[in-house]
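Me: I have a model in front of me and would like to learn how to read it one feature at a time. Could we begin with how a single residue is described, and build up from there?

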Amino acid sequence: MPQVTLYHVNGACSLVPHILLRQLGIPFKAVPMRFRPGDNGLEAVDGSLSNAEYRKINPAGYVPVLVVDDEVITEQFAVLTMIALLSPDKEAGEALLGRDSLGRVRVTEWMAWLSDTLHSQGYGAFLHPQRFVEGSKDMYSTVKAKGLKNIEYCYDLIEKRLGNRTYVVGEHLTVVDLFVYVLWGWGARFALIEMKERYPAYGKLVQRVEALDYVRKAVEEEGVKLQFESSGSL
């Protein structure tokens, strides 16, 4: 087994690969990162890595970053794909990327949309408006409002597409379910949306995912509040 290191921020999108590593039983070293006061730069929580040093690993400066031996892998879906392919149980790992050709296409489709639209255009604009406009801060409120509109649009669409489905893609858990699980938590935490009241079908999926032991372990390790304190099988 290669040496695996995950650079992550507690409760951020990097929680998804953390969950997947736990699920597949892959040994790894976790390097918790944090935002520096006053800007978007990340540094190691324990002070072992400055923002400048981190940008030598990932010039974009974001998380997640997965280092496998000497290979640096960035971007959410690429990181998740690498983890799945590292699984000691090859079949179980690959199944999380889709169980057949169409399933793999649907997983890719969902991951691209979630990353580009809900994550970047939604939460990117809502939480980091300075990334979208230069100079005056007068436009920040407009950017944040547009970001929130994108967030709500995406949640509405997820709710509609889920319907009575057990999982997002097919009849089995995939990495998409882990990603939408983490994104649900941001709705109440950052956007102050009444998620349980507005999105019941989505909530059932979240509760189902949160009932998994490895999900709860990763969430608790990062100090993130569980969405359903008494999650059980549905």
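Reply: Start with Arg106, which counts as partly exposed at 38% relative accessibility, where buried means under 20% relative accessible area, exposed over 50%, and partly exposed in between (1.4 Å probe, protein chains only). Glu109 falls into the partly exposed class as well, with 36%. The model is a predicted one, in which local features need pLDDT of at least 70 and side-chain atom pairs count only at pLDDT 80 or more, while totals for chains, interfaces and linings use all residues. Residues are numbered from 1 along each chain as its sequence is written, and side-chain values use heavy atoms, leaving out hydrogens and water.

Me: What do the side chains of Arg106 and Glu109 meet in?

Reply: They meet in a salt bridge, at 3.0 Å from N to O; the term stands for a side-chain nitrogen of Lys or Arg within 4 Å of a carboxyl oxygen of Asp or Glu. Both residues belong to helix 5 (residues 101-127), and because Arg106 and Glu109 are three residues apart there, about one helical turn separates them. Helices (H or I, at least four residues) and strands (E, at least two) are DSSP runs, numbered from the N terminus.

Me: Which residues do salt bridges that share partners join into one network?

Reply: That network is made of Arg22, Lys217 and Glu221. Within it, Glu221 and Arg22 form a salt bridge whose closest N and O atoms are 3.0 Å apart. Since Glu221 lies in helix 10 (residues 213-221) and Arg22 in helix 1, this pair ties together parts that are 199 residues apart in sequence. Glu221 is partly exposed, at 38%, and Arg22 is partly exposed too, at 30%.

Me: How many salt bridges does the structure hold?

Reply: It holds six, and one of them pairs Glu43 with Arg34, with the closest N and O atoms 3.2 Å apart. Arg34 is partly exposed, having a relative accessible area of 37%.

Me: Now I would like to move up to whole domains. Which domains does the assignment give?

Reply: Domain bounds come from an automatic or database domain assignment, and for this protein that assignment gives domain 1 (4-92) and domain 2 (98-212). The contact between them takes 15 residues from domain 1 and 16 residues from domain 2, contact meaning heavy atoms within 4.5 Å. Taken over C-alpha atoms, the centres of the two domains are separated by 20 Å.

Me: What is the area buried between domain 1 and domain 2?

Reply: Buried area is the accessible area (1.4 Å probe) that two parts lose on being put together, summed over both, and here it is about 1,200 Å², with carbon and sulfur atoms giving 73% of it. The count of salt bridges between domain 1 and domain 2 is zero. On the side of domain 1 that touches domain 2, helix 1 (15-24) and helix 3 (76-86) are the elements that give two or more residues, and helix 1 supplies the largest share, five residues.

Me: Why is helix 9 described as largely enclosed by the rest of the structure?

Reply: Helix 9 (residues 200-210) has eleven residues and nine of them are buried, so the description follows. Among the buried ones are Tyr202, Leu205 and Arg208. The buried residues of helix 9 pack against helix 6 (140-162), helix 7 (175-189), helix 8 (195-198) and helix 10.

Me: How many bridges join strand 4 to strand 5?

Reply: Two strands pair if DSSP finds at least two bridges between them, and strand 4 (residues 65-68) is joined to strand 5 (residues 71-74) by four, with the strands running antiparallel. Val65 has Thr74 as its bridge partner in strand 5. Two residues lie between the strands of this hairpin, where Asp69 takes a positive phi near 55°. Asn58, in the loop between helix 2 (51-57) and strand 4, touches Val65 and Thr74, not counting residues up to four places away in sequence. Asn58 is buried, at 6%.

Me: Where else should I look at the backbone?

Reply: Pro64 lies in the loop between helix 2 and strand 4, and the peptide bond from Val63 to Pro64 is cis, with omega near 5°. Glu75, in the loop between strand 5 and helix 3, is a residue other than glycine with a positive phi, near 75°, and is exposed at 54%. Leu192, in the loop between helix 7 and helix 8, is not a glycine either and has a positive phi of about 55°; Leu192 is exposed at 69%.
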